[in-house]
Amino acid sequence: MTYLPFSADWLTGGVRGLPRLSSRAWSRRSWRLGSVRLVSAALLLVMGLGSMAQAARLDDELLARDKTHQMPDLRPYPAGNQRKVAFFELMIPLVVAENQRIAEQRDWLLAMRKRAGDGGRDYSEREQERLNGLCDQANLPCDVTREDIGVSWTRLLLRIDTLPLDMVLVQAIEESGWGTSGHAREGNNLFGMRCFSRGCGIGPPGREYRRFESLEAGIAAYFDNLNSQRSYAELRELRGRLRNAGQPVRAEDLIPTLSAYSTRGNAYFTTLYDLLRWNRGLMRTVRERLAANGALS
């Protein structure tokens, strides 16, 4: 495992008070790797901050990844724009990659559903294996055979779907303190996900935070949580209605369906809306620069 590389001082030769975070090339069997330097004139002039970022094209299956990444320590970056940019450069490629993985799965399911509707079932062993795997991911009791998947396509497709990038980011911000919390740094858990058996994770017995082997695993678990658990059925149903109506699925629409995520009720929603309002412009700027430099391809 390696650390996801980025650096705030590659261009200037060092910014006083900031660490030199190493940048290593990394590879994967099923990913296409692009190593790029993010050069944002606006960020350099306004914040005095440059960066490097690497991202990879996802393979279809999470388990095919040969390299994963650990959460770096962002605390040496001063609170404010410098830490925010470092956080977004870390998280945006990983969340975009997870959404790409799920979008590929969903496209494949849509193609399979169309084939089934056209009378072209007769699923191969490989197709049956993949369908069963997606049912497991969606937490649905399928019984796939050569002729049938054992569950409605609608139910399955409601649970194999993407999430708005900005919603994922603001939840990660709120649940991890911009990546500086103990469960983020020690357990690759940026979403405050808990476990409840003694010794299962990080923290006091009975209320421990889950520990993940990599940032990718933690992000995938967050997606699986919202996409499969009963508590978030309202989110999935609303997302499905918006998709069927040809409307965009926006963070603002889905945030009110997250009541099971926090005991704070409306105060939690208000916090997420505030984080959206305060940071959406910077999210867009960082994402555009990453995309322009090939880091999201």
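Two disulfides emerge from a search of the whole structure. The model is a predicted one. A disulfide is a covalent bond between the sulfur atoms of two cysteines. With the bonded cysteines of the chain numbered in sequence order, the pairing reads 1-2, 3-4.

One disulfide joins Cys-135 and Cys-142. Their sulfur atoms lie 2.0 Å apart. The torsion about the S-S bond of this pair is about -80 degrees, so the disulfide is left-handed. Cys-135 has a relative accessible area of 1% and is buried. Cys-142 also counts as buried, at 17% relative accessibility, because the cut-off for buried is under 20%.

The other disulfide links Cys-195 and Cys-200. Here the sulfur atoms are 2.0 Å apart. The link of Cys-195 and Cys-200 has 95 degrees about the S-S bond and is right-handed. Cys-195 is buried, with a relative accessible area of 14%. Cys-200 reaches 27% relative accessibility. That value falls between the cut-offs of 20% and 50%, so Cys-200 counts as partly exposed.

The nonpolar interior was examined next. The largest nonpolar core holds 73 residues. Phe-88, Met-167, Phe-191 and Tyr-222 have the most contacts inside this core. Several helices each supply at least two residues of the core, among them helix 2 (81-117), helix 3 (125-137), helix 5 (165-176), helix 7 (215-228) and helix 10 (266-292). Helix 4 (153-159), helix 8 (233-244) and helix 9 (251-254) do so as well. Helix 2 gives the most to this core, with 15 residues.

Phe-191 illustrates the contacts of a core residue. Neighbours within four places in sequence are left aside here. Phe-191 is then in contact with Met-91, Val-168, Gln-171, Ala-172 and Glu-175. Its contacts also include Gly-218, Ile-219, Tyr-222 and Tyr-261. Tyr-222, one of these partners, is itself among the residues with the most contacts inside the core.

Helix 2 also packs against helix 3. The angle between them is about 125 degrees, and their axes are 12 Å apart. Angles of 65 to 115 degrees would count as roughly perpendicular and those over 145 as roughly antiparallel, so helix 2 is oblique to helix 3. The crossing of the two helices is left-handed. On the helix 2 side, the meeting residues are Arg-101, Gln-105, Trp-108, Leu-109, Met-112 and Arg-115. Helix 3 brings Glu-127, Arg-130, Leu-131, Leu-134 and Gln-137 to the contact.

Definitions and conventions
Residues are numbered from 1 along each chain as its sequence is written. This is a predicted model: local features need pLDDT of at least 70, side-chain atom pairs count only at pLDDT 80 or more; totals for chains, interfaces and linings use all residues. Side-chain values use heavy atoms; hydrogens and water are left out. A disulfide is a pair of cysteine sulfur atoms within 2.5 Å. Buried means under 20% relative accessible area, exposed over 50%, partly exposed in between (1.4 Å probe, protein chains only). A nonpolar core is a set of buried Ala, Val, Leu, Ile, Met, Phe, Trp, Tyr and Cys residues joined through side-chain atoms within 4.5 Å. Helices (H or I, at least four residues) and strands (E, at least two) are DSSP runs, numbered from the N terminus. Contact means heavy atoms within 4.5 Å. Axes are lines fitted to C-alpha atoms, for helices over the stretch in contact, and angles run from 0 to 180 degrees between N-to-C directions. Angles under 35 degrees count as roughly parallel, over 145 as roughly antiparallel, 65 to 115 as roughly perpendicular and the rest as oblique. A crossing is left-handed if the near helix is turned anticlockwise from the far one by less than a right angle, and right-handed if clockwise.
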